[in-house]
Amino acid sequence: MNRKYRKTIIAGNWKMNKTPSQTKEFMNEFKSMMPKGRWCDVAFCVPAVCIPAAVRAMRETRVGIGAENCNANASGAYTGEIAANMLVDAGCKYVIVGHSERRAMGETDMDVNAKVKAALQAELIPILCVGESLEQRELGLMEDWISMQIKSGLNGIGEDKIRKVVIAYEPIWAIGTGKTATPDQAEDVCRNIRTVIRKLYGAKIARAVSILYGGSMNEKNAHDLLAQPDIDGGLIGGASLVPAKMVEIIHAANQPTD
Ligand code: PEP
(Lines give C-alpha, C1' and ligand atoms only; values in the text may rest on other atoms or scores of the structure.)
Protein backbone atom coordinates (compact mmCIF):
# COMPACT_ATOMS: atom_id res chain seq x y z
CA MET A 1 0.00 0.00 0.00
CA ASN A 2 1.05 3.55 -0.45
CA ARG A 3 -1.53 5.79 1.17
CA LYS A 4 0.33 8.94 0.21
CA TYR A 5 -0.41 8.53 -3.47
CA ARG A 6 -3.47 6.31 -3.76
CA LYS A 7 -6.52 4.92 -2.04
CA THR A 8 -6.55 1.65 -0.15
CA ILE A 9 -9.72 -0.25 -1.03
CA ILE A 10 -11.16 -3.41 0.50
CA ALA A 11 -13.96 -4.68 -1.73
CA GLY A 12 -16.13 -7.75 -1.31
CA ASN A 13 -17.38 -9.76 -4.27
CA TRP A 14 -20.35 -11.77 -3.10
CA LYS A 15 -20.82 -13.57 -6.45
CA MET A 16 -24.14 -15.48 -6.45
CA ASN A 17 -24.50 -15.64 -2.67
CA LYS A 18 -27.04 -14.16 -0.23
CA THR A 19 -30.65 -13.13 -0.70
CA PRO A 20 -31.94 -9.58 -0.07
CA SER A 21 -33.03 -10.56 3.48
CA GLN A 22 -29.65 -12.11 4.19
CA THR A 23 -28.03 -8.93 2.83
CA LYS A 24 -29.94 -6.82 5.35
CA GLU A 25 -28.90 -9.14 8.19
CA PHE A 26 -25.25 -9.14 7.05
CA MET A 27 -25.06 -5.35 6.69
CA ASN A 28 -26.58 -4.76 10.12
CA GLU A 29 -24.11 -7.16 11.72
CA PHE A 30 -21.20 -5.65 9.78
CA LYS A 31 -22.22 -2.11 10.75
CA SER A 32 -22.21 -3.07 14.43
CA MET A 33 -18.62 -4.36 14.08
CA MET A 34 -17.14 -1.67 11.85
CA PRO A 35 -13.84 -0.30 13.13
CA LYS A 36 -14.07 3.13 14.71
CA GLY A 37 -12.09 6.10 13.44
CA ARG A 38 -10.39 6.47 10.06
CA TRP A 39 -10.21 3.48 7.80
CA CYS A 40 -9.71 2.60 4.18
CA ASP A 41 -12.41 2.66 1.50
CA VAL A 42 -14.72 -0.35 1.83
CA ALA A 43 -17.13 -1.72 -0.76
CA PHE A 44 -19.45 -4.66 -1.18
CA CYS A 45 -20.27 -5.75 -4.72
CA VAL A 46 -23.45 -7.76 -4.39
CA PRO A 47 -25.99 -9.58 -6.60
CA ALA A 48 -28.22 -7.09 -8.44
CA VAL A 49 -31.35 -7.97 -6.44
CA CYS A 50 -29.46 -7.29 -3.18
CA ILE A 51 -28.36 -3.77 -4.17
CA PRO A 52 -31.41 -1.93 -2.74
CA ALA A 53 -31.12 -3.71 0.64
CA ALA A 54 -27.37 -3.08 0.79
CA VAL A 55 -27.69 0.58 -0.18
CA ARG A 56 -30.47 1.13 2.35
CA ALA A 57 -28.51 -0.53 5.16
CA MET A 58 -25.30 1.40 4.41
CA ARG A 59 -26.89 4.80 3.71
CA GLU A 60 -25.42 6.57 6.74
CA THR A 61 -21.97 4.99 6.39
CA ARG A 62 -18.90 5.40 4.17
CA VAL A 63 -19.27 1.87 2.81
CA GLY A 64 -19.84 1.87 -0.96
CA ILE A 65 -22.10 -0.62 -2.68
CA GLY A 66 -21.30 -2.05 -6.08
CA ALA A 67 -22.58 -4.43 -8.72
CA GLU A 68 -20.84 -7.51 -10.08
CA ASN A 69 -21.40 -6.73 -13.76
CA CYS A 70 -23.09 -4.26 -16.10
CA ASN A 71 -24.08 -4.15 -19.74
CA ALA A 72 -22.05 -1.94 -22.06
CA ASN A 73 -25.15 -0.37 -23.62
CA ALA A 74 -27.05 2.50 -22.06
CA SER A 75 -30.50 1.02 -22.74
CA GLY A 76 -32.37 -1.13 -25.24
CA ALA A 77 -33.46 -4.66 -26.11
CA TYR A 78 -31.09 -6.66 -23.88
CA THR A 79 -33.41 -8.86 -21.86
CA GLY A 80 -32.07 -9.63 -18.41
CA GLU A 81 -29.25 -7.11 -18.57
CA ILE A 82 -28.59 -4.05 -16.39
CA ALA A 83 -27.09 -0.77 -17.62
CA ALA A 84 -24.49 1.21 -15.69
CA ASN A 85 -26.77 4.23 -15.26
CA MET A 86 -29.42 1.96 -13.67
CA LEU A 87 -26.83 0.85 -11.12
CA VAL A 88 -25.98 4.46 -10.33
CA ASP A 89 -29.65 5.29 -9.88
CA ALA A 90 -29.97 2.30 -7.53
CA GLY A 91 -27.19 3.76 -5.37
CA CYS A 92 -24.10 1.89 -6.62
CA LYS A 93 -20.66 3.45 -6.57
CA TYR A 94 -18.66 0.55 -8.03
CA VAL A 95 -19.01 -2.21 -10.61
CA ILE A 96 -16.77 -5.24 -11.11
CA VAL A 97 -15.83 -5.64 -14.78
CA GLY A 98 -14.16 -8.60 -16.45
CA HIS A 99 -14.14 -11.00 -13.51
CA SER A 100 -12.59 -14.30 -14.65
CA GLU A 101 -15.84 -16.11 -13.87
CA ARG A 102 -17.60 -13.85 -16.39
CA ARG A 103 -14.77 -14.13 -18.90
CA ALA A 104 -15.19 -17.92 -18.60
CA MET A 105 -18.84 -17.41 -19.61
CA GLY A 106 -17.68 -15.81 -22.86
CA GLU A 107 -16.94 -12.18 -22.03
CA THR A 108 -14.17 -10.97 -24.39
CA ASP A 109 -11.53 -8.28 -23.89
CA MET A 110 -13.57 -6.06 -26.23
CA ASP A 111 -16.67 -6.58 -24.08
CA VAL A 112 -14.66 -5.78 -20.97
CA ASN A 113 -13.31 -2.57 -22.52
CA ALA A 114 -16.82 -1.50 -23.56
CA LYS A 115 -18.08 -2.13 -20.01
CA VAL A 116 -15.24 -0.11 -18.46
CA LYS A 117 -16.18 2.77 -20.77
CA ALA A 118 -19.90 2.42 -19.97
CA ALA A 119 -19.16 2.42 -16.23
CA LEU A 120 -17.01 5.54 -16.48
CA GLN A 121 -19.58 7.28 -18.67
CA ALA A 122 -22.20 6.65 -15.95
CA GLU A 123 -19.71 7.79 -13.26
CA LEU A 124 -19.38 4.37 -11.67
CA ILE A 125 -15.94 3.21 -10.53
CA PRO A 126 -15.03 0.14 -12.58
CA ILE A 127 -12.99 -2.55 -10.82
CA LEU A 128 -11.23 -4.04 -13.84
CA CYS A 129 -10.17 -7.66 -13.19
CA VAL A 130 -7.21 -9.30 -14.89
CA GLY A 131 -5.33 -12.50 -14.16
CA GLU A 132 -3.60 -15.54 -15.58
CA SER A 133 -4.42 -19.24 -15.51
CA LEU A 134 -2.05 -21.70 -13.88
CA GLU A 135 -1.06 -22.98 -17.32
CA GLN A 136 -0.15 -19.46 -18.52
CA ARG A 137 1.93 -18.91 -15.38
CA GLU A 138 3.75 -22.21 -15.81
CA LEU A 139 4.43 -21.53 -19.49
CA GLY A 140 5.91 -18.12 -18.66
CA LEU A 141 3.17 -16.27 -20.56
CA MET A 142 1.82 -14.43 -17.56
CA GLU A 143 3.46 -11.04 -17.99
CA ASP A 144 2.48 -10.64 -21.66
CA TRP A 145 -1.02 -11.93 -20.98
CA ILE A 146 -1.73 -9.51 -18.16
CA SER A 147 -0.17 -6.62 -20.02
CA MET A 148 -2.47 -7.42 -22.96
CA GLN A 149 -5.52 -7.57 -20.66
CA ILE A 150 -4.65 -4.19 -19.15
CA LYS A 151 -3.99 -2.55 -22.51
CA SER A 152 -7.20 -3.84 -24.06
CA GLY A 153 -9.29 -3.19 -20.94
CA LEU A 154 -8.11 0.43 -20.90
CA ASN A 155 -8.13 0.95 -24.66
CA GLY A 156 -9.48 4.42 -25.53
CA ILE A 157 -9.67 5.56 -21.91
CA GLY A 158 -8.19 9.03 -21.59
CA GLU A 159 -6.02 10.51 -18.87
CA ASP A 160 -9.03 12.32 -17.43
CA LYS A 161 -10.81 9.01 -16.73
CA ILE A 162 -8.05 6.53 -15.89
CA ARG A 163 -7.66 7.83 -12.33
CA LYS A 164 -11.20 6.60 -11.60
CA VAL A 165 -10.40 3.02 -12.66
CA VAL A 166 -9.44 0.45 -10.03
CA ILE A 167 -7.47 -2.60 -11.20
CA ALA A 168 -7.80 -6.01 -9.53
CA TYR A 169 -5.12 -8.62 -10.14
CA GLU A 170 -6.80 -11.97 -9.63
CA PRO A 171 -4.80 -15.06 -10.62
CA ILE A 172 -7.44 -17.55 -11.78
CA TRP A 173 -5.71 -20.41 -9.95
CA ALA A 174 -6.14 -18.57 -6.65
CA ILE A 175 -9.83 -17.67 -6.92
CA GLY A 176 -12.02 -19.72 -4.62
CA THR A 177 -9.33 -22.39 -4.33
CA GLY A 178 -7.79 -21.49 -0.96
CA LYS A 179 -4.43 -21.21 -2.83
CA THR A 180 -3.31 -17.63 -2.34
CA ALA A 181 -0.48 -16.07 -4.33
CA THR A 182 2.46 -15.40 -2.03
CA PRO A 183 2.99 -11.74 -1.18
CA ASP A 184 6.05 -11.74 -3.50
CA GLN A 185 4.15 -13.33 -6.39
CA ALA A 186 1.25 -10.89 -6.01
CA GLU A 187 3.58 -7.89 -5.63
CA ASP A 188 5.56 -8.85 -8.77
CA VAL A 189 2.44 -8.84 -10.92
CA CYS A 190 0.93 -5.71 -9.35
CA ARG A 191 4.26 -3.88 -9.89
CA ASN A 192 4.27 -5.00 -13.55
CA ILE A 193 0.70 -3.76 -13.95
CA ARG A 194 1.78 -0.37 -12.62
CA THR A 195 4.66 -0.38 -15.12
CA VAL A 196 2.20 -1.01 -17.97
CA ILE A 197 0.05 1.89 -16.75
CA ARG A 198 3.17 4.08 -16.46
CA LYS A 199 4.06 3.34 -20.09
CA LEU A 200 0.52 4.17 -21.17
CA TYR A 201 -0.20 7.24 -19.02
CA GLY A 202 3.02 8.39 -17.32
CA ALA A 203 4.47 8.12 -13.83
CA LYS A 204 2.13 10.51 -12.05
CA ILE A 205 -0.99 8.63 -13.07
CA ALA A 206 0.58 5.19 -12.51
CA ARG A 207 1.38 6.24 -8.97
CA ALA A 208 -2.23 7.25 -8.35
CA VAL A 209 -4.04 4.11 -9.58
CA SER A 210 -5.15 1.62 -6.91
CA ILE A 211 -4.26 -1.99 -7.73
CA LEU A 212 -5.98 -4.67 -5.64
CA TYR A 213 -5.09 -8.32 -5.19
CA GLY A 214 -7.82 -10.97 -5.25
CA GLY A 215 -7.64 -14.74 -4.88
CA SER A 216 -8.36 -16.42 -1.55
CA MET A 217 -7.43 -13.31 0.42
CA ASN A 218 -8.64 -13.77 3.98
CA GLU A 219 -8.20 -12.52 7.52
CA LYS A 220 -5.04 -14.62 7.95
CA ASN A 221 -3.05 -13.68 4.83
CA ALA A 222 -4.33 -10.11 4.26
CA HIS A 223 -1.74 -8.43 6.48
CA ASP A 224 1.27 -9.74 4.54
CA LEU A 225 -0.31 -9.19 1.12
CA LEU A 226 -1.34 -5.64 1.98
CA ALA A 227 2.14 -4.85 3.33
CA GLN A 228 3.44 -4.97 -0.27
CA PRO A 229 4.09 -1.54 -1.81
CA ASP A 230 2.07 -2.08 -4.99
CA ILE A 231 -0.91 -3.91 -3.47
CA ASP A 232 -3.45 -1.24 -2.58
CA GLY A 233 -6.22 -3.42 -1.25
CA GLY A 234 -8.16 -6.57 -1.91
CA LEU A 235 -11.04 -7.94 -3.93
CA ILE A 236 -12.40 -10.61 -1.67
CA GLY A 237 -14.83 -13.40 -2.47
CA GLY A 238 -15.45 -16.09 0.16
CA ALA A 239 -14.17 -14.14 3.17
CA SER A 240 -16.38 -11.15 2.32
CA LEU A 241 -19.46 -13.22 3.18
CA VAL A 242 -18.52 -13.24 6.87
CA PRO A 243 -18.67 -9.86 8.69
CA ALA A 244 -15.93 -10.70 11.22
CA LYS A 245 -13.51 -11.75 8.45
CA MET A 246 -14.09 -8.53 6.49
CA VAL A 247 -13.50 -6.50 9.63
CA GLU A 248 -10.18 -8.30 10.22
CA ILE A 249 -9.13 -7.63 6.62
CA ILE A 250 -10.00 -3.94 7.05
CA HIS A 251 -7.81 -3.85 10.17
CA ALA A 252 -4.99 -5.39 8.11
CA ALA A 253 -5.48 -2.63 5.53
CA ASN A 254 -5.06 -0.04 8.26
CA GLN A 255 -1.61 -1.29 9.25
CA PRO A 256 1.09 1.41 9.40
CA THR A 257 3.02 2.01 6.17
CA ASP A 258 6.20 4.01 5.50
C1 PEP B 1 -13.17 -13.22 -6.34
O2 PEP B 1 -14.15 -13.85 -6.69
O3 PEP B 1 -12.96 -12.11 -6.84
C4 PEP B 1 -12.28 -13.82 -5.35
C5 PEP B 1 -11.11 -13.28 -5.17
O6 PEP B 1 -12.75 -14.92 -4.68
P7 PEP B 1 -12.05 -15.65 -3.41
O8 PEP B 1 -11.63 -14.57 -2.46
O9 PEP B 1 -13.14 -16.52 -2.84
O10 PEP B 1 -10.91 -16.41 -3.96
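Visitor: What makes a residue count among the 14 that surround the ligand?

Guide: One of its heavy atoms must lie within 4 Å of the ligand. The closest of the 14 are Lys15, Glu170, Gly176, Ser216 and Gly237. This is a predicted model, where local features need pLDDT of at least 70, side-chain atom pairs count only at pLDDT 80 or more, and totals for chains, interfaces and linings use all residues. Residues are numbered from 1 along each chain as its sequence is written, and side-chain values use heavy atoms, with hydrogens and water left out.

Visitor: Why is the pairing of histidine 99 with the ligand called a polar contact?

Guide: A polar contact is a pair of N or O atoms within 3.5 Å. A polar side-chain atom of histidine 99 is 2.9 Å from a ligand oxygen, so the pair qualifies. Asparagine 13 qualifies too, with a side-chain N or O atom 3.2 Å from an oxygen of the ligand.

Visitor: How do you know how much of the ligand the protein covers?

Guide: Accessible areas come from the Shrake-Rupley method with a 1.4 Å probe. On its own the ligand has 290 Å² of accessible area, and the protein covers 95% of that.

Visitor: What makes the 72 residues a nonpolar core?

Guide: Such a core is a set of buried (under 20% relative accessible area, 1.4 Å probe, protein chains only) Ala, Val, Leu, Ile, Met, Phe, Trp, Tyr and Cys residues joined through side-chain atoms within 4.5 Å. Among the members touching the most others are Met27, Phe30 and Phe44. A second, separate core has 12 residues, including Ile9 and Val166.

Definitions and conventions:
A polar contact is a pair of N or O atoms within 3.5 Å; within protein, one must be able to donate a hydrogen and the other to accept it, and residues adjacent in sequence count only if both atoms are side-chain atoms. Buried means under 20% relative accessible area, exposed over 50%, partly exposed in between (1.4 Å probe, protein chains only).
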